[in-house]
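Work through the following exercises with the sequence and the coordinates side by side. Each task sentence is followed by a solution that goes step by step.

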Amino acid sequence: MAKYHLNDIGSIVLDRPSTTATTVGNHFRLWTAFSGAAFRRKIFDAVSCGASSHHRHQLMQEVLNDTVPQLSPPTTTIKSVLKESNEPKKGDKVVKKSNNNGKSEKLADLLSLPEAETDAETKKKVEALEELKCVVKELQVEEEEEKKRKAASRVRLLTKEDSEARVTLAMLGTIPPLVAMLDFEDSDSQIAALYALLNLGIGNDANKAAIVKAGAVHKMLKLIESQHAPSQEVSDAIVANFLGLSALDSNKPIIGSSGAIPFLVKTLKILDRKSRSQARQDALRALYNLSIFPSNISFILESDLIPFLLNALGDMEVSERILSILSNVVSTPEGRKGVSIVSEAFPILVDVLNWTDSPGCQEKASYILMVMAHKAYGDRQAMIEAGIVLSLLELTLLGSTLAQKRASRILEVVRVDKGKQVSENFAGNTSSAVSAPICGSSSSSTNPNGKACLVEEEGMMSEEKKAVKHLVQQSLQNNMRRIVVRANLPQDFVPSEHFKSLAASSTSKSLPF
């Protein structure tokens, strides 16, 4: 063991606080009776010489014992200072160490929770898959129609709102046995199979294509054409299936050429106009889907659908859908010809332009008239004769933005035709136009017949006023007639004399005068 020196050290005293010491709390500045270097060397020798903790404690005790008190109040030693610094104060709270075992257990529980949930979800999916397999197995059982009907009803419920079930059941082979059930004579089995197929195709184009590929369209038409007419419920289910299947573009030509369009038109005609049957809406929507494909327009024209649709305009529940179908029909030359040959077609369409309470109908009717006005001169003449100019002027002021644009285009086409007619008339009367005196010129000022020219000009102005007044009265009468039709009043309803007097003295807001 290395040697160390035990030198006599002077006492450690506290300086008087009144002279040079400053008190901050209970801490005092210490002054030594020896140099600081000697004190540090003494401490270093005690530590570095390998002395034990007992020797270091003895050395420190000797140092403390050699201290000489010089102050009347009790002195503060290093030992007491260290003791006070290590002991907690009364105001301090003793913080106990938390038990980490509880936290670790909770953390372990949280980490194991997703795993438990995953296991539960997996188990649930397995059970659902087993249930779907059992349903498909029951559908594929031969010579047990009752089990098949119950299984089809189960498929209908499972696929009503579950898109994953639709995909899974189709992959398990549900569609072929359901299509085969359409050959059953039991109407309940037919309805269960039809609605199961309908739900399988909701929002799933692959299933729609698979249903058509399995021959469902032809089996549905076979049910309709059978000797025993299907019940109304079966017919409605078939219409609903045609609506769902026709939403897929690849199915449109197959359904259109299969003979489904005449059935839909027949269903539409059979239903009462005042009925709010869902089948009526479904039939119109199915025909709209099929009319999108140009090759189906010929089948629509052969079914005599156009006159029926034009005559059905006025029923606000279906008018917009009818105009949508007509918009697709006029996209082809044969469709425009089919519309133009119908009597009263243009007066009916022009009247729709005045339906200010239905902007959608105004826009679609203006589109139909715009397409036909651009394609055929004869159609433009028929529109002018139906009074389209006044309706277009009103539409440019009161219609929606799209309707105003379309009305302006039709007016441009009509104005070009009128310009051609005026130019032809002007060319035929050139000589008379050159020899006619110009009223208001310098030569006419000396003409004794100047007053006659002024009178003639005033007469022309009065004719214009008469024309405007006539247009206003005609517009008011047309509005009154439409109000009578929409109010379902008797056709022989005649406005009172008081209303006629108001109409004669009123002005029309639809005219820009």
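A residue counts as buried under 20% relative accessible area, as exposed over 50%, and as partly exposed in between, with a 1.4 Å probe and protein chains only. The model is predicted, so that local features need pLDDT of at least 70 and side-chain atom pairs count only at pLDDT 80 or more, while totals for chains, interfaces and linings use all residues. Residues are numbered from 1 along each chain as its sequence is written, and side-chain values use heavy atoms, with hydrogens and water left out.

**Exercise 1. Describe the protein as a whole.**

Begin with the secondary structure: the protein has 27 helices and two strands, where helices (H or I, at least four residues) and strands (E, at least two) are DSSP runs numbered from the N terminus. Next, take burial, for which 34% of the 513 residues count as buried. Then turn to contacts (heavy atoms within 4.5 Å): among those with a separation of 6 or more, 66% join residues 24 or more positions apart. Finally, the exposed surface is about 32,200 Å², of which carbon and sulfur atoms supply 55%; such areas come from the Shrake-Rupley method with a 1.4 Å probe, and for residues only the protein chains shown count as cover.

**Exercise 2. Find which residues of helix 13 are buried, and what covers them.**

Along helix 13, which spans residues 260–270, the buried positions are Ala260, Ile261, Phe263, Leu264, Val265, Thr267 and Leu268. Their cover includes helix 10 (216–224), helix 11 (232–245), helix 12 (252–257) and helix 14 (278–291), together with helix 15 and helix 16.

**Exercise 3. Analyse the salt bridges of helix 5, then one between helix 17 and helix 20.**

A salt bridge requires a side-chain nitrogen of Lys or Arg within 4 Å of a carboxyl oxygen of Asp or Glu, and a search of the whole structure finds six. Start with Arg154 and Glu131, whose side chains meet at 2.3 Å, N to O. This pair links distant parts of the chain, since Arg154 belongs to helix 5 (residues 145–158) and Glu131 to helix 4 (residues 100–139), 23 residues apart. Arg154 is partly exposed at 34% relative accessible area, and Glu131 is partly exposed at 33%.

Continue with Arg149 and Glu146, which form a salt bridge at 2.5 Å, N to O. Both lie in helix 5, three residues apart, or about one turn of the helix. An α-helix has 3.6 residues a turn, so residues three or four places apart point the same way. Arg149 is partly exposed at 23% relative accessibility, as is Glu146 at 42%.

End with Glu320 and Lys364, in whose salt bridge the closest N and O atoms are 3.3 Å apart. Here, too, distant parts of the chain are linked, with Glu320 in helix 17 (residues 319–329) and Lys364 in helix 20 (residues 359–375), 44 residues apart. Glu320 is partly exposed at 37% relative accessible area, and Lys364 is partly exposed at 21%.

**Exercise 4. Examine the positive phi angles of Asp304 and Glu344.**

Asp304 is not a glycine, yet its phi is positive, about 60°. Asp304 sits in the loop between helix 15 (297–302) and helix 16 (305–312), where it is partly exposed at 43% relative accessible area. Glu344, likewise not a glycine, has a positive phi of about 65°. Glu344 is placed in the loop between helix 18 (333–340) and helix 19 (345–352), and at 51% relative accessible area it is exposed.
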